[in-house]
Structure formats: structure tokens, C-alpha cells
Amino acid sequence: MNPRWGMRKGQPLSSLHVNSGNLPRHVAIIMDGNGRWAHRRGLPRVAGHRAGMKAVKEVTRAADEIGIQVLTLYAFSTENWKRPREEVDYLMRLPQEFLDRELQELDEHGVRVRLIGETDGLPPHTLRAVEAAMGRTRNNTGLILNFALNYGARAELVNAVRSIARRVKDGELRPEDVDEATISAALQTRELPDPDLLIRTSGELRISNFLLWQIAYSELWFTDVLWPDFTREHLFEAVRAYQSRQRRFGGVDSLPPSDVHSGQ
């Protein structure tokens with residue numbers, strides 16, 4: 001937890017009913033509902049995306065304040081390219097706009113910016129902004145803010161299988177030695193723990209090709225709240241729900257099995 005953010009004038013975790021000893025290390029969020037938020041207000045869809053940036057800032061602050069180690073945000077999927085060109089162009093400008101505004105504060109509070117997804121398909125201005133943020137915050141040791149941009153879990157798994165197949169072909173690895181750890185190590189999240197908690201906003205009950213391998217044992221939390229209306233209080237509500245559940249990992253107690261999760 002970084003006290004420099006300021007948690008409502010020193011508000012303790014106990015007053016939020018959040019147990020500091022049982023926090024999810026990694027929270028992943030499918031940020032959904034920007035378009036519906038705008039439609040309900042008679043606004044263009046891009047207005048919803050702009051409003052969603054405020055939620056990104058608030059949730060990032062809140063996650064760091066309570067001591068979450070990794071926050072992964074599903075910012076743009078490989079399927080989102082099917083949207084109207086005007087909307088896609090706007091979405092590709094948002095990372096640059098967000099980082100131009102917030103990078104200094106993120107850096108000052110020790111946040112490390114990270115990226116997963118296919119960078120080849122990103123516009124140069126988008127990629128430059130993200131790479132600059134990653135370079136500036138590379139040595140920070142606080143919250144990891146991990147953007148999933150041009151990301152699709154199936155594509156990630158295909159690339160992982162291809163890399164493992166090349167290792168087998170080159171004689172570096174025997175087929176019988178390929179296990180779950182081998183696959184986890186070939187994914188873009190190999191340096192991160194698997195998500196403990198997956199949140200999806202807007203009332204949809206789908207995973208939408210997001211971290212399919214990594215969320216095998218994640219707790220799922222769905223809310224009808226649209227992403228631009230998602231606040232720190234909603235995040236705390238999700239964390240409290242997580243803390244009320246007993247995680248058995250397929251067994252009879254709450255202890256995770258060994259050698260199941262990457263980064264465990």
C-alpha cells in the first residue's frame with residue numbers, strides 16, 4: 001500500500017471491511033458498458049470511452065491504496081477491430097491521452113506500466129505512448145498496471161503452442177516434458193501471478209476471450225454497473241466478496257495446489 005495516494009484522509013482498511021491479510025494479489029477487469037453509458041445519455045459512443053478513463057484512474061488509485069499487486073485492464077480486444085473505424089481510431093488515441101495526463105502521477109507513486117497483446121497491429125502513436133510509459137516506470141516497485149491492448153487469449157495460446165513446438169523441434173524440449181508450467185511460461189503474463197479475482201462490469205456474463213488460461217482458478221464477480229460508473233467502492237465491494245469465499249482449487253481446503261499457478 002502506498003500512503004501517498006491518500007485514502008480518504010487516512011481511512012483504514014477495516015472501515016472498508018477489507019481484510020488486508022486476504023487481498024487478491026492480481027485483479028483483472030473486463031471494462032464493459034461504455035457504449036451503453038453514452039447511449040443512455042444521448043451521447044456518441046466515444047463519450048462513454050472518455051468517461052471510462054476516469055474510472056481507470058480511480059480504480060488504479062484504489063487498487064494501489066489497498067495493496068493489490070497487479071491490476072490488469074482489458075482495454076482493447078482483438079475482436080474490437082470490427083467496430084466502426086471512427087470508434088476504433090478514438091480508442092487507439094485513448095492510451096496516449098490517458099498516459100499524457102496520468103503518467104507523472106503514476107510514476108511518482110511507484111506504479112509500473114505493463115502491456116500484453118499483439119503490438120504489431122497497434123498504430124505507431126499508440127505504441128510509442130505505451131512503450132514510453134513502460135520505459136519510464138520500468139524500475140518502479142509498486143502496483144503493476146497491466147493494459148491488455150489488442151489482446152486475445154486464443155491468439156496468445158496459439159503463439160504459446162507455436163513457441164513450445166519450435167523448442168521441441170529444435171531439440172530443446174521433449175514432448176513428454178511439456179506441462180502446465182511450460183505453457184504458463186510461454187504466455188505474455190509469465191512474470192505475473194494468475195488473477196485471483198476477475199471483475200466484469202455492465203451485467204454481461206461472459207469471459208470474452210480474456211486470459212482464458214490464467215483465470216482457471218480465479219474468483220468471478222459480475223456487476224450491472226457500467227464501467228464509467230464503476231468506483232473505488234465497487235472495487236472494494238468486489239474484494240470483500242472475494243474475501244468471503246473459500247478457495248479450494250479443486251480440493252477440500254483453501255490451500256492452492258503446488259505447481260498449478262504461474263508465479264505462485
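Modeller: Let's start with one word: two residues are in contact when they have heavy atoms within 4.5 Å. Keep in mind too that this is a predicted model.

Colleague: Good, let's try that on one residue. Which residues does Leu73 touch, not counting residues up to four places away in sequence?

Modeller: With those sequence neighbours set aside, Leu73 touches Ile29, Met31, Val56, Leu145, Asn146, Phe147 and Ala148. Leu73 itself is found in strand S2, residues 70-77. Take Val56 from that list: it is 17 residues from Leu73 in sequence, and the two C-alpha atoms are 8.3 Å apart in space.

Colleague: And is Leu73 buried or exposed?

Modeller: Buried means under 20% relative accessible area. Leu73 has 1% relative accessibility, so it counts as buried. Across the protein chain, buried residues make up 50% of the 264 residues.

Colleague: Let me zoom out. How many helices and strands are there in the protein chain?

Modeller: The chain has seven helices and six strands. Read from the N terminus on, the elements go β-α-α-β-α-β-α-β-α-α-β-β-α. You can also look at how far contacts reach along the sequence: among those between residues at least 6 apart, 77% join residues at least 24 apart.

Colleague: Now helix packing. How should I read the angle between H3 and H4?

Modeller: Look at the angle between the two axes and at how far apart the axes lie. H3 and helix H4 (residues 124-137) pack at about 15°, with axes 8 Å apart. Angles under 35 degrees count as roughly parallel, so H3 and H4 are roughly parallel to each other. Their crossing is left-handed.

Colleague: Which residues of H3 and H4 make the contact?

Modeller: On the H3 side they are Met92, Arg93, Pro95, Gln96, Leu99, Leu103, Gln104 and Asp107; H4 brings His125, Thr126, Ala129, Val130, Ala133, Arg136 and Thr137. Sorted by class, the contact of H3 with H4 has seven nonpolar, five polar and three charged residues.

Colleague: Let's try another pair. At roughly what angle do H2 and H7 cross?

Modeller: Helix H2 (residues 45-66) and helix H7 (residues 232-243) cross at roughly 45°, and their axes come within 9 Å. That angle makes H2 oblique to H7. The crossing of H2 and H7 is right-handed. From H2, the contact is made by Glu58, Val59, Ala62, Ala63, Glu65 and Ile66, and from H7 by Arg232, Glu233, Leu235, Phe236 and Val239. This contact of H2 with H7 divides into seven nonpolar, no polar and four charged residues.

Colleague: What about aromatic rings? How many aromatic pairs does the structure hold?

Modeller: A pair of aromatic rings is described by the distance of the centres and the angle of the planes. This structure holds six aromatic pairs. In one of them, Phe76 and Trp81 have ring centres 4.8 Å apart and planes at 70°, so the pair is edge-to-face. Phe76 counts as buried because its relative accessibility is 1%, while Trp81, at 33%, counts as partly exposed.

Another edge-to-face pair is Phe98 with Phe147, at 6.1 Å centre to centre and 75° between the planes. This pair links distant parts of the chain, with Phe98 in helix H3 (residues 85-108) and Phe147 in strand S4 (residues 144-151), 49 residues apart. Phe98 counts as buried at 7% relative accessibility, and so does Phe147 at 13%.

Colleague: Which residues form one aromatic cluster?

Modeller: Tyr74, Tyr151 and Phe210 do.

Colleague: One last feature: backbone phi. What is the phi of Ser208?

Modeller: Most residues other than glycine have a negative phi. Ser208, although not a glycine, has a positive phi of about 55°. You'll find Ser208 in the loop between strand S5 (197-200) and strand S6 (219-222). With 29% relative accessibility, Ser208 counts as partly exposed.

Colleague: And where is Asn209?

Modeller: Asn209 is in the loop between S5 and S6. Its phi is near 60°, a positive value in a residue other than glycine. Asn209 is buried, with a relative accessible area of 15%.

Key
Residues are numbered from 1 along each chain as its sequence is written. This is a predicted model: local features need pLDDT of at least 70, side-chain atom pairs count only at pLDDT 80 or more; totals for chains, interfaces and linings use all residues. Side-chain values use heavy atoms; hydrogens and water are left out. Rings of Phe, Tyr and Trp (its six-membered ring) pair if their centres lie within 6.5 Å; planes under 30 degrees apart count as stacked, over 60 as edge-to-face and the rest as tilted. Buried means under 20% relative accessible area, exposed over 50%, partly exposed in between (1.4 Å probe, protein chains only). Helices (H or I, at least four residues) and strands (E, at least two) are DSSP runs, numbered from the N terminus. Axes are lines fitted to C-alpha atoms, for helices over the stretch in contact, and angles run from 0 to 180 degrees between N-to-C directions. Angles under 35 degrees count as roughly parallel, over 145 as roughly antiparallel, 65 to 115 as roughly perpendicular and the rest as oblique. A crossing is left-handed if the near helix is turned anticlockwise from the far one by less than a right angle, and right-handed if clockwise. Ala, Val, Leu, Ile, Met, Phe, Trp, Tyr, Cys and Pro count as nonpolar, Asp, Glu, Lys and Arg as charged, and the others, Gly among them, as polar.
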